[in-house]
Every structure is written in structure tokens, then in C-alpha cells.
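User: Hi! I've just opened this one and would like a quick tour before I dig in. Could you walk me through it?

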Amino acid sequence: MPADGVVLDWVPAGGSAAGLFLPSEYFVKPATERWERREAMRLRRTVFCGEQGLFGRDDRDAIDRSALLLVAVSCLSGMPEQVVGTVRIHEGEPGEWQGSRLAVHPDYRRVAWLGSELIRLAVGTAHARGARRFTAQVQAQNAPLFRRLHWRTLEQIELHGRPHHRMLADLAHYPPCDAAGFVSMPRRAA
Ligand SMILES: CC(C)(COP(=O)(O)OP(=O)(O)OC[C@H]1O[C@@H](n2cnc3c(N)ncnc32)[C@H](O)[C@@H]1OP(=O)(O)O)[C@@H](O)C(=O)NCCC(=O)NCCS
């Protein structure tokens, strides 16, 4: 339980995180600070190397040299606390943007729309930078989430030995977003 004076910044979590208290506010934004980049890379390793076993000890690749890294940062009393979500975007060919390495910390899934908000910022940011198409290779179990967010499957493929959907975002649903990011609030327990 958070200490007195801090409790107003936290709300009870519903769903799988029931019983925990979670921050009431998250910044979804480009990673601008060194610690944000460091924590985002650590989260990616935890999720893609540890939890999912898709890579050995490090999931970084050549795309990281040119990609724009986005993060979801939990806040305490309006101050940034820790990186709890991340995604990266890059322009492969002119106008052709891709998103990859979307990850939300297990304790923060299904609590504040962080995955959805990272996708919104990813596509909106690319749109503002001139994207004509935005695609991603989505793990099959996440295809319904992307479909609800106005993406469609172009083809089904196998990647890292797992079923994936190559999906295309409908840019009409993603207005250009060139702001510093936005704030996401948690869903409260019923
Ligand atoms: C995929 C992932 C990024 C989604 O992050 P998230 O923050 O949980 O995403 P959201 O909260 O926006 O929505 C996820 C789902 O939770 C549901 N949800 C969210 N809050 C909920 C709540 N309080 N109660 C019940 N359902 C809830 C959403 O409706 C959505 O439903 P769906 O799974 O049926 O599509 C996250 O699960 C993750 O990191 N997974 C491991 C890595 C991974 O698979 N990366 C993607 C590679 S393509």
C-alpha cells in the first residue's frame, strides 16, 4: 500500500492485477531521456528474451540504430517513475513506416490501455512524419487487438517459429500526432 500522501496518485487495479495499486497516470511519449531508453531496452529483453523466448539474451538489431523509440512512463505525483511500456517505429522505404517490439510490463497489461495508446502514438507520429503506409508483423494472438484498432491483415506468416499477421493500419483513424505525446489514465475496477 502506498504511503500516506501518495495514495491519491494510485488507484486499485482491476482484472488480473486485482489487489495491487497502480499509478493513476502514464505519459505515452517519445523516449527523450537516457534512463527511458535504458529501461525500455530492459523491458524489451524481459518480455521478448525472457517471457517469450523469441531471442537469446538481447533483442536489439540494426533497426534500433535508426528507429524512434516510444515509451509509456508511469507517474507518481506527476513525476515520471518507470518505463512500463515501449514500441519503436522506423521508415523502411520513403513513406513506408513500420512498428515493432511493442511490449507492456506484465503488471501493467489490461490496466490503462497502454498497448493501444502506444500503437496510437506510433502510427500518429509516423503519419505526422509523412507515412503513407504503416505496417507491423503482429503475433497472431494480438491480431484481434489490432483489428479493433482499425488494422487489417495483409498476410499470415511465420516469424521466429511463431504465427504472425503482417498488418496494415488504416491511417484515417490515426490523425497526425506531432505533440510530445499524451497522458493515459487507468481503467478503474468496477
Ligand atoms: C500485446 C500487449 C502490448 C498489449 O498491452 P496492453 O497494455 O495490455 O493493451 P491494452 O490494455 O490496450 O489492451 C489489451 C487487451 O486487454 C483488454 N483489457 C484492457 N483492460 C482490461 C480490463 N480492465 N479488463 C478486461 N480486459 C481489459 C483490452 O480490451 C484488450 O483486449 P484483447 O486482448 O481482447 O484485445 C501486451 O499484452 C504485451 O506486452 N504482450 C507481450 C509482448 C507482445 O505480445 N507484444 C506484441 C507483439 S505483436
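Analyst: Happy to! Keep in mind that this is a predicted model. The main feature to start from is an open sheet of 8 strands, with mixed pairing and the order E8-E9-E7-E6-E5-E4-E3-E10.

User: Which strands sit at the edges?

Analyst: Those are E8, residues 151-159, and E10, residues 182-184; each of them pairs on one side only. From one strand to the next, the twist averages 25°.

User: How does E3 run relative to E10, parallel or antiparallel?

Analyst: Antiparallel: E3, residues 26-30, is joined to E10 by 3 bridges. If you want a spot to click on, Phe27 has Val183 in E10 as its bridge partner.

User: And E6 with E7, parallel or antiparallel?

Analyst: E6 and E7 run parallel, with 4 bridges between them. Opposite Ala136 in E7 you'll find Gly99.

User: While we're on E7, where do its side chains point?

Analyst: They alternate along the strand. Phe134, Ala136 and Val138 are buried and point to one face, whereas Arg133, Thr135, Gln137 and Gln139 point to the other face and are not buried.

User: Nice. Let's zoom out: how many helices and strands does the chain have?

Analyst: The chain has 3 helices and 10 strands. Starting at the N terminus, the elements come in the order β-β-β-α-β-β-β-α-β-α-β-β-β. The chain has 190 residues, and 32% of them count as buried. As for contacts between residues at least 6 apart in sequence, 60% join residues at least 24 apart.

User: Which strands does H1 lie across?

Analyst: H1, residues 34-51, lies across E4 (68-76), E5 (79-93) and E6 (96-104), and runs at about 80° to E5.

User: Same question for H2, which strands does that helix lie across?

Analyst: H2, residues 114-128, lies across E3, E4, E5, E6, E7 (133-139), E9 (162-169) and E10. H2 runs at about 45° to E5.

User: How many of the residues in H2 are buried?

Analyst: 13 of its 15 residues, so H2 is mostly covered.

User: What span should a helix with the 15 residues of H2 have?

Analyst: At 1.5 Å a residue, H2 should span 21 Å, and its end C-alpha atoms are 21 Å apart, which agrees. Just after H2 comes Gly130, with a positive phi of about 100°.

User: On to the ligand. How many residues surround it, and which are the closest?

Analyst: There are 18 residues around the ligand, and the closest are Arg109, Arg110, Gly115, Ser116 and Leu145. E6, H2, E7 and helix H3 (143-148) are the elements that give two or more residues to that shell.

User: How does the shell split by class?

Analyst: The shell around the ligand has 9 nonpolar, 6 polar and 3 charged residues.

User: One last stop: His90. Which strand is it in?

Analyst: His90 belongs to strand E5.

User: Why does His90 count as partly exposed?

Analyst: Because His90 has 17 C-beta neighbours inside 10 Å; a residue needs 20 or more to be buried and 12 or fewer to be exposed.

User: And which residues is His90 in contact with, leaving aside neighbours within four places in sequence?

Analyst: Ile63, Ser66, Ala67, Leu68, Trp97 and Gln98. Take Ile63: in sequence, Ile63 and His90 are 27 residues apart, while their C-alpha atoms are 7.4 Å apart in space.

User: Great, thanks for the tour!

Key: Residues are numbered from 1 along each chain as its sequence is written. This is a predicted model: local features need pLDDT of at least 70, side-chain atom pairs count only at pLDDT 80 or more; totals for chains, interfaces and linings use all residues. Two strands pair if DSSP finds at least two bridges between them. Axes are lines fitted to C-alpha atoms, for helices over the stretch in contact, and angles run from 0 to 180 degrees between N-to-C directions. Two residues are in contact if their C-beta atoms, placed from the backbone, lie within 7 Å. The expected span of a helix is 1.5 Å times one less than its number of residues. A residue is near a molecule or strand if its C-beta atom, placed from the backbone, lies within 6 Å of it. Ala, Val, Leu, Ile, Met, Phe, Trp, Tyr, Cys and Pro count as nonpolar, Asp, Glu, Lys and Arg as charged, and the others, Gly among them, as polar.
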